[in-house]
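Good morning, colleagues. Please take a moment to look at the sequence and the model on the screen before I begin.

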Amino acid sequence: MSAASPLRPQTNACRLAVDLSGTWLFRLGDDVGDDSGDGDWHGGIAGGIPVGVPGSWNDQVPGARDELGPAWYERRFEPPPGTFPLAGREAAIRFGSASYAASVWLNGQFLGGHEGGQLPFALDCSGALRDGENVLVVQVDGRLARDRVPPGLVPPGDTHGRVFHPDVSYDFFPFAGLHRRVELVLAPRDGIRDVRLETTADDAGALLSVRVDAADGDVTLTLDGAPIASPHRVDASALWSPASPRLHLLEVELRRDGVLADRYALRTGIRTVAVAGDQLLLNGAPVRLRGFGRHEDFAVLGRGTTPALAARDLLLMRQLGANSFRTAHYPCDEETLDIADRLGLMVIAETPAVGLYFGDDDPDGDTARRQELALGSLAELIARDRNRACVIAWSVANEPRMDYPGAAAALRELCDRARALDGSRPVSYATDLPDAAGVEAADIVFLNSYPGWYRYPGRLDVAESVLGDTLDRVYRRHGKPVILTEFGADAMPGSHADPPSMWTEEYQAELIERLLRVADRRSYVAGTHVWAFADFATAQADHRPQSVNFKGVFTRDRRPKLAARRLRELWQPADA
Ligand code: GCU
């Protein structure tokens, strides 16, 4: 295992993953002065306060809401018994997510850093780790900048025209911190570096190909305990789908001279996904996505993740009869995908490339740097999630501004890169500008459209025909499946009116129902994702009361609005 291995940590006979989540010391500030005073942090940070990890600091630390850093974290830990001598093993510290950029020291030794919020990175610490107490120090920088992805401090001409504080170019709060678990990882130096699964259709079943990248030795594979060779054929009954989310235990073992050198296990589903004409196919049959765009957002935690919140959200989706969601507008936590795999929820996995713009008068080269970062996070996302049955498509961006000469080429580059890295899934990007050049690079049109809200506000009566016309125009132009990746309305919880008016639960429920009817009548519409699953925090803005986007069908604390009830009646008539 090298620190660069995309393999998720696990504990087994050959590997160890120690969760370092819990209470860490924390301090805001550029230079917080290290306890040892010589700037290598081996003594830890001076005078920190206790905070919880995973968690953003903005909603946790009183008064720190709009503080975006840099800030410092310290965690002291002892490695488990048997760690030393490492003896042919390597050690690394792995972060599920440090938003936005991080620099890491262990016992005064600089291990390295990472840029980009919602994707994991691991840093080798074999040389720095010691028996006894270890001092881990992390600087996290969440500041906004034009040369970051997603960008902030964007010139007004290059945004959607909304003004936010903090000055983001996107409609969610720029939470900062250690948002997912941090782990100490031990694994064989000369072991299994990567395992890649690919599934291809085969008659009614599928062929599972397993590519193992490992050091010298004999590799063996078992599936649900039975030895297999790659490619391995599975029957239709063994395939993964929302109706039957079958998971299989794939075990990869590496032996040298008959001795076990490394072992890696994956619980995975086997399924195929493809676009045929204007249809999206799962296991060779047309499928329609019903669901939501979902943010990782909760009070106090901010963008910090916990399995409990993910389980709550995905079980509620299931209860409503939804079968899918988009990870808006960034890759979601790995445990959320574990739950999606298990519940049979199909996922459109999105990179953090929201609010991209492509100014060509770009003296600082920010556009080029943003493109590099967008390509980089795309590669990291695919490396992390490519073996997931639940992930059925890649979204390489959300609502890029397209009125620039270089925009279409940039989106084509992102789409082509995704296809080059993984040819087994459709690729697209969510757009509110379906007529702009660029969509031709996508396999499916991901359409964000808000008739009855941003367009024709208050006009339930015309919203249906406006959406119908838009969908038909887009379909005539591209002849591809269309997924309505966003539509909906804000509803203040508990606000009611008859007849329905904007910002009330009735208006939201009525609008969603009407627009779903329009979409459901069109066979080329391969899915409808209501925006949004739950209310979420935004930056301050004149159109965001309480700094919240109220388009959720659930409140921020996951209480149902009228629209949730209505969706359940539509999608789950049996037990509504
Ligand atoms: C956009 C955008 C979302 C945003 C939504 C809204 O389409 O993609 O991030 O929250 O509109 O304004 O509610």
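Pro54 sits in the loop that links strand 3, residues 49-53, to strand 4, residues 55-56. This is a predicted model, and in it the peptide bond leading from Val53 into Pro54 is cis, its omega being near 0°. A cis bond also occurs between Val149 and Pro150, again with omega near 0°. Pro150 belongs to the loop running between strand 11, residues 134-141, and strand 12, residues 177-178.

That loop holds a further backbone feature. Leu153 lies between strand 11 and strand 12, and its phi is near 55°, a positive value in a residue that is not glycine. Is Leu153 buried, partly exposed or exposed? Its relative accessibility is 37%. Buried would require under 20% and exposed over 50%, so Leu153 counts as partly exposed.

Tyr456 can be treated in the same manner. Tyr456 has a positive phi of about 50°, although it is not a glycine. Its place is the loop between strand 29, residues 445-448, and helix 5, residues 460-478. With a relative accessibility of 42%, Tyr456 is therefore classed as partly exposed.

I turn now to strand pairing. Strands of a sheet pair through backbone hydrogen bonds, in either a parallel or an antiparallel sense. Strand 6, residues 89-95, pairs with strand 10 in the antiparallel sense, over 4 bridges. In this pairing, Phe95 stands opposite Phe121 of strand 10.

Which residues of strand 10 form its covered face, and which its uncovered face? In a regular strand, side chains alternate between the two faces of the sheet. In strand 10, residues 121-124, Phe121 and Leu123 make up the covered face, whereas Ala122 and Asp124 make up the uncovered one. Phe121, the partner of Phe95 across the pairing, is thus on the covered face.

Next, an open sheet of 3 strands, in the order 14-15-18, with antiparallel pairing. Its edge strands are strand 14, residues 192-202, and strand 18, residues 232-234, each of which pairs on one side only. From one strand to the next, the twist averages 25°. Strand 15, residues 205-214, runs antiparallel to strand 18 and is joined to it by 3 bridges. Within that pair, Ala206 stands opposite Val234 of strand 18.

Finally, the ligand. How many residues surround it, and which are the closest? The count is 13, and the closest are Asp171, His329, Glu399, Tyr454 and Lys551. Sorted by class, the shell comprises 4 nonpolar, 4 polar and 5 charged residues.

Three side chains place a polar atom at short listed distances from ligand oxygen atoms. For Lys551, the distance between an N or O atom of the side chain and an oxygen atom of the ligand is 2.6 Å. For Asn398, the corresponding separation from a ligand oxygen is 2.9 Å. For Trp531, a polar side-chain atom lies 3.0 Å from an oxygen atom of the ligand. Taken alone, the ligand exposes 320 Å², and the protein buries 91% of that area.

To close, I would return to two points. The cis bonds precede Pro54 and Pro150. The residues with positive phi that I discussed, Leu153 and Tyr456, are each partly exposed. Thank you for your attention.

Conventions
Residues numbered from 1 in each chain as written. Predicted model: local features only at pLDDT ≥ 70, side-chain atom pairs only at ≥ 80, totals over all residues. Heavy atoms only, no water. Helix = DSSP H or I, 4+ residues; strand = E, 2+ residues; numbered from the N terminus. Buried < 20%, exposed > 50% of the residue type's maximum accessible area, 1.4 Å probe, protein only. Pairing = 2+ DSSP bridges. Near = heavy atom within 4 Å. Polar contact = N/O pair within 3.5 Å; in protein donor to acceptor, adjacent residues only side chain to side chain. Areas by Shrake-Rupley, 256 points an atom, 1.4 Å probe, with all protein chains shown as cover. Nonpolar A, V, L, I, M, F, W, Y, C, P; charged D, E, K, R; others polar. Axes fitted to C-alpha atoms, helices over the stretch in contact; angles between N-to-C directions.
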